[in-house]
Amino acid sequence: MIDVHSHIIPGIDDGARNIETSLAMARQTLQAGVNHLVCTPHIHWGHFDNTTEIIQSGFKQLQQEVNAAGIELTLSYAGEVRVNEMVPIWAKEKKLPFMGKWKDRDVLLLEMPHSHIPSGLDQLVRWLLNEDIQPLIPHPERNRDILKSPEKVQWLRNLGCLLQVTAGAFTGTFGTRVEDLAFVMLDNNQIDLVASDTHDTKRRPNEMGEARHLVSQHIGEDIAQRLFNDTPAKIVLYS
Ligand SMILES: [Fe+2]
């Protein structure tokens, strides 16, 4: 599997606090059946002021440690960018880290607040698409506006967003409401891919293996293969 969302670079967001945790996460991720992991630290203006340079530097150190430890997990990096008014400016200044490509557009992991769908999101998505940037929205199933009004899932899809559901949503880590919405989205063919969004090995572990099993049992192996393997591979290994 290819896992496109993780907080494994130590010390730069609310994920791994130190390199020991990062290495434990890398081992757990490999054990879950993932062979390539994209490191996506938060870029959350005023909270986690990460830049591509900061992420790249942390990534290089992590890569060295993972190699030295003999963990056979390949890594790449991007960022999880919280919606804010700087996004178009960062795009114009070529400061956004992309995880790969989808249909010739650069893929941006674009995070909404957990509480609501921000006003103006539709204009931002249209602007990004017009700039050949493909928004990939993580964990819509955990957004409180969407939990209240699940029809917003289709609204996001109709805007042209790709949607990434969290592996732990299927295993019940985020409670039954989130789990139920994840399976409804699965039944409605509204999910483009699944990723772990792992932050540590205990509270937010990598649950890709268990989630893939549950999805395969629920809807069949072909769709599990697409959501956990093929679509992430198309984005990350586009070249
Ligand atoms: Fe995340």
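This report walks through the fold of one protein chain, starting with the whole and then looking at a helix and two groups of strands.

**The chain as a whole**

Keep in mind that what you see is a predicted model. The chain holds 10 helices and 10 strands. How far does the C-alpha trace of the chain span along its principal axes? It covers about 45 × 45 × 35 Å. A compact globule of 239 residues would have a radius of gyration near 18 Å, and the chain comes in at 17 Å, so the two agree. Of those 239 residues, 44% are buried. Now think about which parts of the sequence meet in space: among contacts between residues at least 6 apart in sequence, 75% join residues at least 24 apart.

**Helix α2, one face in and one face out**

Let's zoom in on helix α2, which runs over residues 52–68. With 17 residues at 1.5 Å a residue, α2 should span 24 Å, and its end C-alpha atoms are indeed 24 Å apart.

Which residues of α2 are buried? They are I55, G58, F59, L62 and V66. Seen down the axis of α2, these buried residues fall within an arc of 110 degrees, so they line one face of the helix. There is a handy rule behind this kind of pattern. An α-helix has 3.6 residues a turn, so residues three or four places apart point the same way.

What covers the buried residues of α2? The cover includes helix α1 (19–31) and the strands β2 (36–39) and β4 (74–77). On the face turned away from the buried side, α2 carries the exposed residues E53, Q56, K60, Q64, N67 and A68. After α2 comes G70, which has a positive phi near 70 degrees.

**The sheet of β1, β2 and β4**

Two of the strands that help cover α2, namely β2 and β4, also belong to an open sheet of 3 strands. That sheet has the order β1-β2-β4, with parallel pairing. Strands β1 (2–3) and β4 stand at the edges with a single partner strand each, so one side of each is left without a neighbour in the sheet.

Here is how the pairs line up. β1 joins β2 through 2 bridges. I2 has H36 in β2 as its bridge partner, while D3 stands opposite L37 in β2. On the other pairing, β2 and β4 share 4 bridges, and V38 has S76 in β4 as its bridge partner. The path from β1 to β2 brings in a helix too: β1, α1 and β2 make a right-handed β-α-β unit.

**Strand β7 and its partners**

Next comes strand β7, residues 105–111. Is β7 mostly covered or mostly open? It is mostly covered, with 5 of its 7 residues buried. Strands pair through backbone hydrogen bonds, either parallel or antiparallel. The table shows how β7 pairs with three other strands.

| Partner of β7 | Residues of partner | Sense | Bridges |
|---|---|---|---|
| β5 | residues 80–82 | parallel | 3 bridges |
| β6 | residues 101–102 | antiparallel | 2 bridges |
| β8 | residues 133–138 | parallel | 4 bridges |

You can pick out single residue pairs in the structure. E80 has L109 in β7 as its bridge partner. W102 stands opposite R105 in β7. L108 has P135 in β8 as its bridge partner.

β6 and β7 form a hairpin with 2 residues between the strands, and K103 there takes a positive phi near 50 degrees. β7 and β8, for their part, are tied into another motif: together with helix α4 (residues 121–130), they make a right-handed β-α-β unit.

**A residue on helix α4**

To finish, look at Q123, which lies in helix α4. Is Q123 buried or exposed? A residue counts as exposed if 12 or fewer other C-beta atoms lie within 10 Å of its own. Q123 has 11 within 10 Å, so Q123 is exposed. How far apart are Q123 and L159, C-alpha to C-alpha? They are 9.4 Å apart in space, although 36 residues separate them in sequence.

Note on methods. Residues numbered from 1 in each chain as written. Predicted model: local features only at pLDDT ≥ 70, side-chain atom pairs only at ≥ 80, totals over all residues. Expected span 1.5 Å × (residues − 1). Buried ≥ 20, exposed ≤ 12 C-beta atoms within 10 Å, placed from the backbone. Arc of directions from axis to C-beta. Contact = placed C-beta atoms within 7 Å. Rg over C-alpha atoms; globule rule 2.2 N^0.38 Å. Pairing = 2+ DSSP bridges. Right-handed = clockwise from strand over helix to strand, strands pointing away.
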